Amino acid sequence: MKQLWMLMAWFAFSSAVDAQYKFDVYPTYKGNDLGLTYTPTSSVFRIWSPPASAMELKLYEIGMGGVAKETIQMQKSESGTWVAVVNRDLKSMFYTVRAKINDRWGNEVTDPYARATGINGQRAQVIDLKETNPVGWEKDQSPNFSDQNLPTDAIIYELHIRDATIDEESGAKHKGKFLGLAETGTKNKAGLSTGLDHIKELGVTHVHLLPFYDYNSVDETKTGQYNWGYDPVNYNVPEGSYSTDASDGRTRIRELKQMIQAFHQNGLRVVMDVVYNHTALTETSNFNQLVPGYYYRQKPDGSFSDATACGNETASERAMMRKFMLESVVYWVKEYHIDGFRFDLMGVHDIQTMNLISDTLHKIKPDILLYGEGWTAGASPYPEEKRAVKKNAHLLKGIAVFSDDIRDGIKGSVFDIKDRGFATGKTANTESVKFGIVASLPHLQIDMSKVNYSKEPYASSPANVITYAECHDNNILWDKIALSVPGASEEERKKMHELALTIVLTSQGIPFLHAGSEFLRSKFGEENSYNKGDSVNAIRWGLKTKNKELHEKIVSLISMRKEHGAFRLTNNRLVNNSIRFLDTQIEGVIMYTLDMEYFRWTKKDTWLNCLMIFNGTNNPQTITIPGEWKLVSMGKAQTNSRVVKQIGVKPKEAMILAQVLD
Ligand code: CA
């Protein structure tokens with residue numbers, strides 16, 4: 001038995017080595033013309049497939065169904081590529097490719113580099129990209145979001161395109177579409193602004209949109225379908241279900257550009273949520289039909305590894321996958337004027353690729369915003385020290401990671417519905433929140449042994465960290481509070497919610513809000529609503545009327561953050577010089593001073609110092625304070641107020657005090 005096991009292990013090992021060896025001998029194509037190069041007089045198609053012995057291009061008149069009008073044998077060309085040149089105008093035609101590998105024809109698939117497709121992304125389309133530009137697109141510019149456009153000046157708002165306007169009360173004409181988010185002047189029943197106007201009114205700087213590349217889970221031939229879209233099919237094509245006509249590849253491109261243009265015209269930047277870590281399909285994906293195995297990592301037995309829990313994980317460390325990712329993000333920036341990327345399960349990708357992407361994109365757009373999830377959803381065969389996981393954040397250049405330490409420090413673990421956080425009465429989470437306040441940097445006053453997840457600081461600067469309390473994943477904040485503190489009254493829960501968002505918006509790092517949290521959005525306790533439809537996911541604009549008071553407070557906190565540079569410190573030294581935690585003698589109360597003197601000289605700030613007090617306990621507290629202060633209300637220092645020696649702080653209250661230049 002033992003010998004048989006050893007023999008099997010040897011076979012598994014040698015096949016993995018074979019697989020790796022086979023990939024290494026594939027030549028890397030260096031050109032930048034993969035996919036289609038179109039002019040009215042010719043279309044040149046170039047597909048990379050070193051193992052193929054033949055390659056076919058099929059031309060169709062429609063995007064789905066029917067038979068091919070023409071089949072063209074592609075010619076073997078340099079560095080493992082296959083080329084077909086058609087010397088006539090192919091505009092509006094659709095095409096697929098298929099490779100013959102080991103004497104067998106594979107499936108017809110889309111060109112991975114396709115920039116337009118027909119319905120459901122089944123066939124690529126020949127288009128003239130210039131014809132997809134809306135009026136004035138040449139003049140479209142990304143708006144400034146601060147005087148220097150630094151990452152720490154950003155305030156991110158995470159939003160799903162359909163959720164934003166699908167509700168009856170959104171007032172939008174194109175509900176659930178790209179165009180719905182491009183509409184201005186939309187209002188709810190009470191006359192309060194919705195959609196794009198609402199986001200502008202809130203004062204955030206960047207709208208981070210859940211996936212809008214072409215994904216698999218929504219049938220574009222039907223209406224009323226719902227999915228978050230974390231299942232990519234055509235990486236360089238917009239999703240058809242967000243357009244008014246998914247059958248013609250140009251419509252979705254034009255309408256997406258119109259939406260981005262509208263955001264830019266209204267002072268907002270656009271972050272694209274990208275999912276290069278896996279593909280919706282595995283064996284039958286276009287990647288795998290054209291170059292079997294190459295774009296994915298393998299387990300020792302040669303089977304697909306699965307660090308994404310979605311059936312496969314891509315291999316960013318392999319030259320042509322790295323090239324694909326790089327060219328894809330560059331394309332979105334150049335063609336669509338995208339202002340930032342959020343990398344899903346970035347911990348799957350290798351650090352070298354992420355830094356190459358960052359260097360390249362920063363050369364094109366110096367103030368681009370890059371961040372990602374510094375974790376995976378399963379084990380990866382690629383060594384952790386080479387991957388872009390949270391603990392390696394300091395090795396990433398110009399890329400931030402999400403801080404789950406402060407997220408769960410504030411509201412409790414996302415893996416345990418009943419677990420509470422600092423804002424919901426779990427005083428043991430105090431140190432995790434303090435670690436988040438200093439943006440996961442080394443700080444002498446943080447006791448790392450009491451921090452929930454990280455045992456060492458991992459950031460190199462505040463720009464290295466996304467500070468948040470919630471996102472689309474897991475229970476939304478308002479639901480998490482209700483589920484973990486079932487005995488609390490609505491008024492008490494509102495205080496907790498406000499405390500949580502106040503911590504996020506006053507802490508160092510890059511703050512991140514989930515859409516609708518500013519007016520207590522609920523998903524009715526549904527913790528994974530990715531396919532749960534509009535009834536769970538739609539943003540109900542009536543809530544803005546109901547919870548107007550909280551919305552106005554969040555507006556004032558955002559405005560305060562933008563007004564005072566000390567909330568947006570740019571390096572480790574400034575954070576350590578400016579933030580002093582003060583001992584309140586009460587577990588569950590955080591008090592710190594934020595020295596603003598530096599900004600008085602450099603930015604003419606009229607605040608000299610700020611005192612933040614967060615009472616996470618269930619009791620009112622009387623806190624002894626140093627010096628003399630003004631109360632801050634709605635983001636403004638109340639010049640008539642005077643607070644000395646002691647102050648009463650209600651349960652779950654966030655109190656902000658300031659010393660102001662006379
Ligand atoms: Ca799709």
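## A neighbouring pair

Arg407 and Asp408 are joined by a salt bridge, with 2.8 Å between their closest N and O atoms. Both partners are out of the way of solvent by the usual area criterion: Arg407 is buried, and Asp408 is buried too. Please keep in mind as you look around that this is a predicted model.

Why might such side chains find each other? Side chains that carry opposite charges can pair when their charged atoms come close.

## A link across the chain

Now to Asp163 and Arg521, whose side chains meet in a salt bridge with an N to O distance of 2.9 Å. This pair ties together distant parts of the chain, as 358 residues separate the two. Asp163 belongs to helix α2 (residues 161–165), while Arg521 lies in the loop between β19 (510–514) and α12 (534–537). Asp163 and Arg521 are both buried.

## A pair with mixed exposure

Lys426 and Asp419 form another salt bridge, and here the closest N and O atoms are 2.7 Å apart. How do the two partners compare in exposure, buried or partly exposed? Lys426 has a relative accessible area of 29%, so this residue is partly exposed. Asp419 has a relative accessibility of 17%, and because buried means under 20%, Asp419 counts as buried.

Shared partners also build something beyond single pairs: salt bridges connect Asp273, Arg342, Asp344 and Glu373 into one network.

## The overall count

How many salt bridges does the model hold? The count comes to 37 salt bridges, among them the Asp163–Arg521 pair described above.

How values were computed: Residues are numbered from 1 along each chain as its sequence is written. This is a predicted model: local features need pLDDT of at least 70, side-chain atom pairs count only at pLDDT 80 or more; totals for chains, interfaces and linings use all residues. Side-chain values use heavy atoms; hydrogens and water are left out. A salt bridge is a side-chain nitrogen of Lys or Arg within 4 Å of a carboxyl oxygen of Asp or Glu. Helices (H or I, at least four residues) and strands (E, at least two) are DSSP runs, numbered from the N terminus. Buried means under 20% relative accessible area, exposed over 50%, partly exposed in between (1.4 Å probe, protein chains only).
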